[in-house]
Amino acid sequence: MSSSIPVGFKSLHFFLPQLSLSAVLKCGQSFRWAVIPLVSPVSNDVPTHEYRLCLKDRVVCLRQTSNTLFYRSFFAATTVDDVAERKNKETRAFIQDYFQLDTDLLGLYDAWSVSDPVFKTLRDRFSGIRMLRQDPWECLISFICSSNNNISRISKMVQNLCTHFSPPLATLDDPLIQDDCETGSCTYHPFPPPSVLAASSVSAKLRGLGFGYRADFIQKTAAMLIDEHGSDAAVFQFLAELRNTNTESARAELLKLMGVGRKVADCVLLMSLDKPEVVPVDTHVHQIAVKYYGMRGAGGGKMPMTPKLYNEVNARLVNIWGDYAGWAHSILFTADLKSFSTYGLPTPSPSVSPQKSSITSRPTIASSDAHFLIKRKKTTQNSEDISSRQMQP
């Protein structure tokens, strides 16, 4: 059954198990999407939320039903029809790239279900969770903010970066207003470029906004990149080109920056630099590995995250999940978030923990499963408190 297209939107036929906006945009990958409830019947064939993200030149708006993704863009100035049509094509290309829609998520879910009995128990509840391909600069600064922080507070910090260091691009009315903005409209700001955050006065202002020690990390990282590369465009090009280098070399470049440890670097590699095998490890991921995948634990407490332990956890999970281990990790990570405890259940009730796996190595997938080989398109290119747990550096 096809859904009617909301006024002003274009449509893209795409099933919910391949992409679930309600999960992907709220599970700690990106921190800047505005989520606006819509007044509509509860039905898979009627969108219940609108999701908005401000890019450099437009605000992208998305809605979703069980089988269709709706999209449109707003611009700072009115465009004539032929220009508008070109910009619509640009927005669709952005969506295709950002959500990596050329990657067959169902094929990956099938493969992980063969290699991992734990994942198999979660796949139906947590369908449609894919890895975003974010702007590397925004991803880098966002995850510097993530050090010893929770998702709600990270989102607030990232939003403050935009509102205090980037001019407004557009002010949009809320569709079917539901008290999201007191005036019935919201103003959207792009993410600030490196040259703006590199200014020496930035640290003090960020401290005043509650960034703490992260304030110096952000300013110094921006200054380092501008000093080395000379301009915003050159910084963007440098970071984008890390997509074409091997994982170790790209990680080494990121680790040169202030506030970037192994965990932050691996988040940037996975979520913006086309390194799908990378599994960012913190104490929570280690606990998942202990609980379900036979990793050694610390008895009743948490083990310190040493480089040796980090590598052991990473190697164990890559051995189970394969070349797209980072993508699989995001499903297990999401399933462990407190706000997702009732996600995918017919009625609110305590979540059911998956059974412990007896996996010691990743089984070979039969040749009949060769269709799981994934095509990737290489192109260069919210603030809800969903977790009380901390994201470690």
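Buried means under 20% relative accessible area. Keep that cut-off handy, since the exercises below lean on it. One more thing before you start: the structure is a predicted model.

**Exercise 1: Warm up on helix 13**

Work out how many of the residues of helix 13 are buried, and find what covers them.

*Solution.* Start with the count: eight of the eleven residues of helix 13 are buried, so this helix is mostly covered. Next, pick them out in the structure: they are T283, H284, V285, H286, I288, A289, Y292 and Y293. Finally, look at the surroundings. The cover over these buried residues of helix 13 includes helix 4, helix 14 and helix 15.

**Exercise 2: Get the overall picture**

Find how many helices and strands the protein has, and what percentage of its residues count as buried.

*Solution.* Count the elements and you get 15 helices and seven strands. Then turn to burial: of the protein's 393 residues, 52% count as buried. As for the outside, the protein exposes about 17,500 Å², and 54% of that comes from carbon and sulfur atoms.

**Exercise 3: Find the cores**

Which residues of the largest nonpolar core touch the most other members?

*Solution.* A bit of background helps here: in soluble globular proteins, nonpolar side chains tend to be buried together. In this model, the largest nonpolar core holds 81 residues. The members that touch the most others are W112, W137, L161, L254, Y293 and W321.

Now zoom in on W137. Setting aside residues up to four places away in sequence, W137 touches F191, P192, P193, P194, L197, A222, L225, F236 and L239. Another core, of 20 residues, lies apart from the largest one, and V24, V60, Y98 and L101 are among its members.

**Exercise 4: Look around W137's helix**

Take helix 5, residues 136–145, and decide whether it is enclosed or open.

*Solution.* Go through the helix residue by residue. P136, W137, E138, C139, L140, I141, S142, F143, I144 and C145 are buried. That makes ten of ten, so helix 5 is largely enclosed by the rest of the structure. What do the buried residues of helix 5 pack against? Their partners are helix 6, helix 7 (194–197), helix 9 (214–229), helix 10 (232–241) and helix 12.

**Exercise 5: How do helices 14 and 15 meet?**

Describe how the axes of helix 14 and helix 15 cross, then name the residues that make the contact.

*Solution.* Two packed helices are described by the angle between their axes and the distance between the axes. Here, the axes of helix 14 (residues 307–321) and helix 15 (residues 325–335) come within 9 Å and cross at roughly 100°. An angle of 65 to 115 degrees counts as roughly perpendicular, and helix 14 and helix 15 are therefore roughly perpendicular to each other.

For the contact itself, helix 14 supplies L317, V318 and W321, while helix 15 brings A325, A328, H329 and L332. Sort them by class and you get six nonpolar residues, one polar and no charged ones.

Last step: check how covered helix 15 is. Ten of its eleven residues are buried, namely A325, G326, W327, A328, H329, S330, I331, L332, F333 and T334. Their cover includes helix 3 (105–115), helix 4 (117–122), helix 12 (262–272), helix 13 (283–293) and helix 14.

**Exercise 6: Two neighbours in one loop**

Locate D274 and K275, and decide whether each is buried or exposed.

*Solution.* D274 lies in the loop between helix 12 and helix 13, and K275 is in the loop between those helices too. D274 has a relative accessible area of 10%, so it is buried. K275 comes in at 4%, so K275 is buried as well.

Now check the backbone of D274: its phi is positive, about 60°, although D274 is not a glycine.

Then see what K275 touches. Leaving out neighbours within four places in sequence, its contacts are L242, R243, N244, T245, N246, T247, A250, L269 and L270. Take L242 from that list: K275 and L242 are 33 residues apart in sequence, and 9.9 Å apart from C-alpha to C-alpha.

**Exercise 7: A residue by the cut-off**

Is S152 buried or exposed?

*Solution.* First place S152: it is found in helix 6 (residues 151–165). Its relative accessibility is 19%, so S152 counts as buried. To finish, compare chain and space: S152 and K26 are 126 residues apart along the chain, and their C-alpha atoms are separated by 9.9 Å.

Key. Residues are numbered from 1 along each chain as its sequence is written. This is a predicted model: local features need pLDDT of at least 70, side-chain atom pairs count only at pLDDT 80 or more; totals for chains, interfaces and linings use all residues. Side-chain values use heavy atoms; hydrogens and water are left out. Axes are lines fitted to C-alpha atoms, for helices over the stretch in contact, and angles run from 0 to 180 degrees between N-to-C directions. Helices (H or I, at least four residues) and strands (E, at least two) are DSSP runs, numbered from the N terminus. Angles under 35 degrees count as roughly parallel, over 145 as roughly antiparallel, 65 to 115 as roughly perpendicular and the rest as oblique. Contact means heavy atoms within 4.5 Å. Ala, Val, Leu, Ile, Met, Phe, Trp, Tyr, Cys and Pro count as nonpolar, Asp, Glu, Lys and Arg as charged, and the others, Gly among them, as polar. Buried means under 20% relative accessible area, exposed over 50%, partly exposed in between (1.4 Å probe, protein chains only). Accessible areas come from the Shrake-Rupley method with a 1.4 Å probe; for residues, only the protein chains shown count as cover. A nonpolar core is a set of buried Ala, Val, Leu, Ile, Met, Phe, Trp, Tyr and Cys residues joined through side-chain atoms within 4.5 Å.
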